[in-house]
Amino acid sequence: LVHDQRCLGASSIPDTQPTMADYAADAAALLDHVGWATTAVFGISFGGMVAQEFAVTWPERVQRLALLCTSAGGAGGSSYPLHTLAAMDPDERARVNLHNLDTRFNDEWLAAHPFDKAIVDMMNARRDEVPTPERVRGHAMQLEARRYHDVYDRLGRITCPTLVMCGEFDGLAPVANSETIAARIAGAELRQYQGGHMFVVQDRQAMPDVLGFLAG
């Protein structure tokens, strides 16, 4: 079961600023709508933040939890403040975006690694698309909610089997943030992969691992 988060994709954009609690409540409402009392939960990047907020609020509904390249916020460390990118000049923004994807990425690295270059080209093509004013508004609201994400002090409420996965060269959600999440959740397992914020496609072992974990 997959859904577009509010403000993103085909989901609607509200009139008022949502919070991370609102994003988690959306997931709970969706489960109610389809009649699922419990479920395994998979969250990557911002989705991992929402997954944490959901899991600390409704721990009894989560059978297994997979958190990929994400952060707890607060004292647990935050992911890169993406809301600051808009104020940067284009060249600086491009440099930061490249570093966030993978701290190894530069012209020399990409010239020698065509698969990684394809990832960068794909991300750049998405950024080059001209969004509607309404989509710009929705994206800004999502980033504003993300800015205040903080579940660090509540992670101990999670009691289900939890897998925390990170990329060794992630500039957006550093390895230390995943280490903190795993340390705060009893019995959580931490696995590190070759790659950056897109390690789930850079390291061929990542997706089989997460699917195997979620299947129990």
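Helices and strands are taken here as DSSP runs, numbered from the N terminus. On that basis, alanine 72 of this predicted model is assigned to the loop between β2 and α3 (90-101). With a relative accessible area of 0%, alanine 72 is buried. Its contacts, leaving aside neighbours within four places in sequence, are Gln52, Gly77, His149, Asp150, Val151, Tyr152, Leu155 and Ile181. Alanine 10, 62 residues away from alanine 72 in sequence, lies 27 Å from it in space, C-alpha to C-alpha.

One of the contacts of alanine 72 is valine 151, a residue of the loop between α6 (133-147) and β3 (162-167). The two residues are 79 positions apart along the chain, yet their C-alpha atoms are separated by 5.4 Å. Valine 151 has a relative accessibility of 0% and therefore counts as buried, the cut-off being under 20%. Apart from neighbours within four places in sequence, valine 151 is in contact with Gln52, Glu53, Val56 and Ala72. Leucine 155 is another contact of alanine 72. When residues up to four places away in sequence are not counted, leucine 155 touches Gln52, Val56, Ala72, Ile181, Arg184 and Ile185. Gln52 and Val56 thus appear among the contacts of valine 151 and also among those of leucine 155.

Leucine 155 also belongs to the largest nonpolar core, which has 22 residues. The residues with the most contacts inside this core are Phe54, Val62, Leu65, Leu155, Ile158 and Ile181. Two or more residues are given to the core by each of α1, α2, β2 (62-68) and α7 (175-184). A second core, separate from the largest one, consists of eleven residues, among them Ala66, Leu68, Leu163 and Met165. In soluble globular proteins, nonpolar side chains tend to be buried together.

The packing of the helices α1 and α2 was examined next. Helix α1 spans residues 20-34 and helix α2 residues 46-57; their axes are 8 Å apart and form an angle of about 75 degrees. The two helices are therefore roughly perpendicular to each other, a class that covers angles of 65 to 115 degrees. On the α1 side, the contact is made by Met20, Ala21, Tyr23, Ala24, Ala27, Ala28 and Leu31, and on the α2 side by Phe46, Met49, Val50, Glu53 and Phe54. By class, eleven of these residues are nonpolar, one is charged and none is polar.

Three aromatic pairs are present in the structure. A pair of aromatic rings is described by the distance of the centres and the angle of the planes. Tyrosine 23 and phenylalanine 46 form an edge-to-face pair, with 5.1 Å from centre to centre and 85 degrees between the planes. Because tyrosine 23 lies in helix α1 and phenylalanine 46 in helix α2, this pair ties together parts that are 23 residues apart in sequence. Tyrosine 23 and phenylalanine 46 are both buried. Tyrosine 193 and phenylalanine 199, in contrast, form a stacked pair, for which the centres are 5.4 Å apart and the planes differ by 10 degrees. Tyrosine 193 is buried, as is phenylalanine 199.

Backbone geometry was considered for two further residues. Most residues other than glycine have a negative phi. Cysteine 7, although not a glycine, has a positive phi of about 80 degrees. Cysteine 7 is located in the segment before α1 and, at 2% relative accessibility, counts as buried. Beyond residues up to four places away in sequence, cysteine 7 touches Ser12, Ile13, Pro14, Pro18, Tyr23, Arg135, Gly138, His139, Met141 and Gln142. The C-alpha atom of cysteine 7 is separated by 9.3 Å from that of valine 136, which is 129 residues away along the chain. Serine 45 likewise has a positive phi, near 60 degrees, in a residue other than glycine; serine 45 is found in the loop between β1 (39-44) and α2.

Leucine 30 provides a further view of helix α1, in which it lies. At 21% relative accessibility, leucine 30 counts as partly exposed. Leaving aside neighbours within four places in sequence, leucine 30 is in contact with Leu1 and His3. The C-alpha atoms of leucine 30 and valine 2, 28 residues apart in sequence, are 9.7 Å apart in space.

Methods
Residues numbered from 1 in each chain as written. Predicted model: local features only at pLDDT ≥ 70, side-chain atom pairs only at ≥ 80, totals over all residues. Heavy atoms only, no water. Axes fitted to C-alpha atoms, helices over the stretch in contact; angles between N-to-C directions. Helix = DSSP H or I, 4+ residues; strand = E, 2+ residues; numbered from the N terminus. Parallel < 35°, antiparallel > 145°, perpendicular 65-115°, else oblique. Contact = heavy atoms within 4.5 Å. Nonpolar A, V, L, I, M, F, W, Y, C, P; charged D, E, K, R; others polar. Core = buried A, V, L, I, M, F, W, Y, C linked by side-chain atoms within 4.5 Å. Buried < 20%, exposed > 50% of the residue type's maximum accessible area, 1.4 Å probe, protein only. Phe/Tyr/Trp six-rings, centres within 6.5 Å; stacked < 30°, edge-to-face > 60°.
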